[in-house]
Amino acid sequence: MSRVGKKEIKLPEKTSVDYKNRTLVVKGEKGTLTRTIHPAVDLAIKDNTISVTIESEDRKTRSLQGLTRSLVANMVDGVSKGFERTLEINGIGYRAEMKGKSIVLNLGYSHPIDFPLPDGIDATVDKNNVIKLSGIDKEKVGQTAASIRKLRKPEPYKGKGVKYAEEYIQRKAGKTGTK
């Protein structure tokens with residue numbers, strides 16, 4: 001039973017929605033997002049609310065209803081508030097700096113890594129070890145953060161590497177004596 005899919009999405013002020021030919025366009029203060037809606041679901045827009053309707057009650061269609069509702073809600077939140085993801089860099093000599101539209105990362109390799117930011121993503125580097133990514137597309141912000149973290153995942157012994165700010169690294173005990 002899809003409970004998420006049946007919830008209505010309330011549109012904030014200064015946010016407009018246009019839905020034609022299975023293409024949803026959401027415009028707000030921060031920008032514009034566009035997405036094609038799956039043919040199994042449909043959107044009903046009235047009185048500053050969006051509801052996701054389905055034609056059949058099979059399992060796949062109900063799951064698509066919940067997915068579509070979540071995607072549309074993220075679009076509405078993105079153009080009105082935006083999304084932010086914070087990464088922390090831990091390790092001696094590990095640091096990051098902004099150079100134009102890319103981030104230069106020193107992560108213990110023999111060379112610095114130049115990470116170009118995708119369109120629509122902004123980044124700031126605080127104190128050489130905190131990266132804040134922001135944008136209106138939640139999927140893009142999350143994928144960019146995951147790509148940066150993948151360059152040097154945190155290891156469990158000393159915690160060195162790139163981690164999300166809210167992430168907890170489970171530590172392991174190191175080697176002990178052989179006797």
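**Two antiparallel sheets in a predicted model**

Trainee: In which order do the strands follow one another in the open sheet of three strands that includes strand 3?

Mentor: This is a predicted model, in which local features need pLDDT of at least 70 and side-chain atom pairs count only at pLDDT 80 or more, while totals for chains, interfaces and linings use all residues. Residues are numbered from 1 along each chain as its sequence is written, and side-chain values use heavy atoms, with hydrogens and water left out. Strands here are DSSP runs of E with at least two residues, helices are runs of H or I with at least four, and both are numbered from the N terminus; two strands pair if DSSP finds at least two bridges between them. With antiparallel pairing, the three strands of this open sheet take the order 2-3-4.

Trainee: Which strands are the edge strands of that sheet?

Mentor: The sheet is open, with the order 2-3-4. An edge strand pairs on one side only, and this holds for strand 2 (16-20) and strand 4.

Trainee: How many bridges join strand 2 and strand 3?

Mentor: Two of the facing positions can be named: Asp-18 stands opposite Val-25 in strand 3, and Val-17 has Val-26 as its bridge partner there. Strand 3 covers residues 23-27 and pairs with strand 2 in the antiparallel sense, and the number of bridges is five.

Trainee: Which residue takes a positive phi in the hairpin of strand 2 and strand 3?

Mentor: The two strands of this hairpin run antiparallel, and two residues lie between them. The positive phi, near 50°, belongs to Asn-21.

Trainee: In which order do the strands stand in the open sheet that includes strand 6?

Mentor: Strand 6 (residues 49-54) is joined to strand 1 (residues 9-10) by two bridges, and to strand 5 (residues 41-46) by six bridges. The edge strands, each pairing on one side only, are strand 1 and strand 5. This open sheet of three strands, with antiparallel pairing, therefore reads, by the definition that at least two bridges make a pair, in the order 1-6-5.

Trainee: Which residue of strand 6 stands opposite Ile-9?

Mentor: Strand 1 and strand 6 run antiparallel and are joined by two bridges. Lys-10 stands opposite Thr-49 in strand 6, and the residue that faces Ile-9 is Ile-50.

Trainee: What is the bridge partner of Ala-44 in strand 6?

Mentor: Strand 5 and strand 6 run antiparallel, with six bridges between them. In strand 6, the partner of Ala-44 is Ser-51.

Trainee: Which residue has a positive phi in the hairpin of strand 5 and strand 6?

Mentor: Strand 5 covers residues 41-46, and two residues lie between it and strand 6 in the hairpin. The phi value near 50° is that of Asp-47.

Trainee: How far apart are the end C-alpha atoms of residues 91-164?

Mentor: An unreviewed UniProt entry places "domain: Large ribosomal subunit protein uL6 alpha-beta" at residues 12-82 and 91-164, its positions being in the numbering used here, with feature names shortened and annotations that may be inferred rather than shown by experiment. Residues 12-82 are 31% helix and 38% strand, with end C-alpha atoms 13 Å apart. Residues 91-164 are 18% helix and 41% strand, and the distance between their end C-alpha atoms is 14 Å.
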